[in-house]
Each structure stands twice: as structure tokens, then as C-alpha cells.
Amino acid sequence: MYAPDGGRSRFALRGSLSFVVGMWVSLAAPSALAQPDRIAQGEKIATGGTTQGAPACAGCHGAKGEGNADFPRLAGAGQAYLQAQLDAFASGARKNSIMQQFAQKLTPDERAAVVAYYSQLPAPGTAKPAAQVATPAELGAWLATRGRWTDQLPACAQCHGADGGGVGSQFPPLAGLSSNYIQEQLKAWKTDFRPPGPLGLMPAVAAKLSDADAAAVAQYYAALLTAIPAPAPQGAVNAAPKK
Ligand code: HEC
Ligand code: HEC
């Protein structure tokens with residue numbers, strides 16, 4: 001038996017110790033942070049940057065990660081995809097003079113947080129699935145929705161979704177990317193400049209696209225962007241007023 005008082009203070013001490021340990025663990029290990037907390041931490045980085053000098057991502061990638069003509073969209077891309085890209089920038093496996101230095105300024109925990117934030121923002125959708133409208137004369141739409149079986153080139157839509165909105169955690173959205181960015185990425189895979197990604201799927205696809213094919217399909221996905229409504233305001237985390 002112990003005195004109620006002693007028991008309380010022992011409990012209080014244990015409680016505060018585990019609080020301190022919990023804090024430490026959550027700072028050290030990404031997996032220790034509950035998902036809503038991680039998303040909130042990610043939103044802070046996205047909109048305000050970090051004290052270690054990583055800038056606000058929103059400054060380039062858009063207030064809601066929607067992207068623009070110069071910077072790719074991040075909103076709604078799968079968690080595994082975004083994490084792999086940020087890690088690749090940080091390690092230098094994916095080369096870009098701007099993003100490499102920013103990714104290096106984020107700790108692994110901060111990278112996981114900002115990825116958690118962007119991956120839960122709404123992915124783009126399109127009003128009409130383009131599969132219904134393509135004819136062989138429309139090269140971009142045809143490649144996107146039908147591929148070119150004589151070349152064993154699958155339709156982009158098979159992996160990136162009928163509306164180009166991305167599929168699962170690994171296949172990123174294409175709708176919402178600029179034509180220029182898409183063409184640069186395809187070229188980067190052709191020239192071994194960008195790491196191959198899962199199963200080397202994209203280098204195999206890119207190798208089958210001529211410059212004219214790449215331009216047509218890139219324009220197709222860039223034009224799809226205009227059919228996408230602005231991302232709707234999301235739940236509690238994103239509803240907080242911005243200054
Ligand atoms: C000064 C502008 C700028 C800022 C600020 C910026 N980025 Fe980027 N980001 C870029 C550019 C440019 C690219 C395209 C790189 C390329 O062509 O490979 C990019 C690409 C990315 C990609 C790859 C997207 C994809 O679809 O593969 C991710 C992920 C990313 N940025 C995350 C972030 C995060 C997280 C932050 C904030 C910590 C951030 N960026 C801040 C310019 C910026
Ligand atoms: C067999 C599946 C598959 C097909 C078909 C496919 N892709 Fe991809 N694509 C991927 C995967 C997987 C990734 C992610 C690569 C990574 O993680 O680096 C990707 C990434 C991309 C990206 C990079 C997006 C970004 O945000 O940086 C572009 C651009 C792209 N694909 C264009 C296309 C185009 C255009 C076609 C059709 C001509 C196509 N893809 C067909 C699997 C596919």
C-alpha cells in the first residue's frame with residue numbers, strides 16, 4: 001500500500017517524464033507523430049518555411065500546392081511518390097538546383113510532415129474523362145488515353161488515371177502540370193537525368209515517345225488543367241485563416 005499523495009506525485013512525475021520522452025521521440029522519429037499533428041506541422045512548413053532556412057513551399061508551388069506554369073503542383077500527389085521525390089532531391093539522386101538545396105534543409109521528419117500535408121490536399125479531377133473524345137488525329141489525347149500498341153506503349157491513363165488525376169500512392173497526377181514541366185521530365189528520363197522510379201516504368205515509356213509525341217501529350221495534360229476547378233477548401237487543418 002502507498003499513500004494517495006505519494007502515488008499521485010509518482011504518477012505526475014511518470015506522466016511528465018513520458019510527456020518529455022514523447023516529445024523527444026516525436027521530434028526524432030517521423031512515425032511517432034500522430035497523422036493530424038504531422039499534417040499541421042507540414043502545413044506550417046508549406047506556408048511559412050523553417051527556421052533552418054527552407055522557404056515556404058507555397059511561394060512557388062501555390063497557396064494550396066496547385067502549381068502553375070513554372071512550378072509543378074504537389075496537391076494530391078501520392079504520399080509514397082512525394083516522399084520519394086523529396087528524398088531524392090535531398091540525396092541528390094534527383095537533380096534540380098533549386099529543390100536540392102531546399103530538400104536538404106528539411107529534416108527527415110519535416111519532409112515526412114510536408115509530404116503528409118500535400119498528399120491529403122485534393123487531387124485534380126476533370127469534368128469529362130477524355131477517353132470518350134480522342135480520335136487518332138488528336139495525337140496527345142490518343143497517346144494519353146489509348147497509347148500506341150504497335151510500339152507496346154500503354155496509355156498514360158492506365159497508370160495516371162482516366163482523368164490524369166493520379167492513382168494510388170505511386171502514380172502521380174499529370175493534370176495540373178505545365179506542358180513544359182512534363183516535357184522536361186520525359187526528357188530527363190530519356191537521358192538518365194531523373195532517377196527511374198518504381199520498376200523503371202517511366203524510362204521505358206519515355207523512350208518510346210518522339211519529341212513530337214512528348215509535346216503533344218504534354219499539351220494534352222496541360223490543357224486538362226483548364227478543366228479543373230480550383231481545389232475546394234478542405235477540413236479543419238486547411239480551413240484555418242491564412243495571414
Ligand atoms: C523557389 C521555388 C520553389 C520553392 C520555394 C519550392 N520548390 Fe519544390 N520545386 C521547384 C521546382 C522548380 C521544381 C521542379 C524540379 C524539376 O524540374 O525537377 C520543384 C519540384 C518539387 C517536387 C517534385 C514534384 C513532382 O511532381 O515530382 C516536390 C515534391 C517539391 N518541389 C516539394 C517542395 C517542398 C516540400 C517545398 C517547401 C519546403 C518546395 N518544393 C519549395 C521550385 C520550388
Ligand atoms: C506503366 C505505368 C505508367 C505509364 C503507362 C505511364 N506512366 Fe508516367 N509515371 C509512372 C510512375 C510510376 C511515375 C512515378 C515515377 C517516379 O516515382 O519517379 C510516373 C511519373 C510520370 C511523370 C512525372 C510527374 C511529376 O510530377 O514529376 C510524368 C510527367 C509522366 N509520368 C508522364 C507520363 C506520360 C506522358 C505517359 C504516357 C505517354 C505516362 N507517364 C505513362 C508510371 C506510368
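The iron atom of ligand 2 sits in an octahedral site, with angles of 86 to 179° among its 6 donor atoms. In this predicted model, His160 (NE2) and Met202 (SD) coordinate that iron atom, at 2.0 to 2.2 Å. The two residues belong to distant parts of the chain: His160 lies in helix H8 (residues 156-160) and Met202 in helix H10 (residues 201-207), 42 residues apart. Both His160 and Met202 are buried.

The surroundings of ligand 2 comprise 23 residues, and those that come nearest are Cys156, Cys159, His160, Tyr181 and Met202. By class, this shell has 18 nonpolar, 4 polar and 1 charged residues. At least two residues of the shell come from each of four helices, namely H4 (79-91), H8, H9 (179-190) and H10. His160 and Met202, the two residues that coordinate the iron atom, thus stand in helices H8 and H10.

Some side chains also place an N or O atom close to an N or O atom of ligand 2. The table gives three such pairs.

| Side chain (N or O atom) | Atom of ligand 2 | Distance |
|---|---|---|
| His160 | nitrogen | 2.8 Å |
| Tyr181 | oxygen | 2.7 Å |
| Arg194 | oxygen | 2.9 Å |

His160 therefore appears twice in this account: its NE2 atom coordinates the iron atom, and its side chain has an N or O atom 2.8 Å from a nitrogen atom of ligand 2. The side chain of Tyr181, one of the residues that come nearest to ligand 2, has an N or O atom 2.7 Å from an oxygen atom of the ligand.

Ligand 1 holds an iron atom as well, coordinated by His61 (NE2) and Met99 (SD) at 2.0 to 2.3 Å. The site of this iron atom is octahedral, and the angles among its 6 donor atoms run from 85 to 179°. Here too the pair links distant parts of the chain, with His61 in helix H3 (residues 58-61), Met99 in helix H5 (residues 97-105), and their positions 38 residues apart. His61 has a relative accessibility of 10%, so it counts as buried, the limit being under 20%.

Two cysteines can be placed by the same limits. Cys57 has a relative accessible area of 17% and is therefore buried. Cys60, at 28%, is partly exposed because its relative accessible area falls between the 20% and 50% limits.

The structure holds 0 disulfides. A disulfide is a covalent bond between the sulfur atoms of two cysteines.

Technical notes:
Residues are numbered from 1 along each chain as its sequence is written. Chains are lettered from A and ligands numbered from 1 in the order in which they are written. This is a predicted model: local features need pLDDT of at least 70, side-chain atom pairs count only at pLDDT 80 or more; totals for chains, interfaces and linings use all residues. Side-chain values use heavy atoms; hydrogens and water are left out. Donors are N, O and S atoms within 2.8 Å of the metal (3.2 Å for Na, K and Ca); water is not among the atoms, so sites may look incomplete. Four donors count as tetrahedral if all angles lie between 85 and 135 degrees; four count as square planar and six as octahedral if opposite donors are over 155 degrees apart and all others between 65 and 115; anything else is irregular. Buried means under 20% relative accessible area, exposed over 50%, partly exposed in between (1.4 Å probe, protein chains only). A residue is near a molecule or strand if one of its heavy atoms lies within 4 Å of it. A polar contact is a pair of N or O atoms within 3.5 Å; within protein, one must be able to donate a hydrogen and the other to accept it, and residues adjacent in sequence count only if both atoms are side-chain atoms. Ala, Val, Leu, Ile, Met, Phe, Trp, Tyr, Cys and Pro count as nonpolar, Asp, Glu, Lys and Arg as charged, and the others, Gly among them, as polar. A disulfide is a pair of cysteine sulfur atoms within 2.5 Å.
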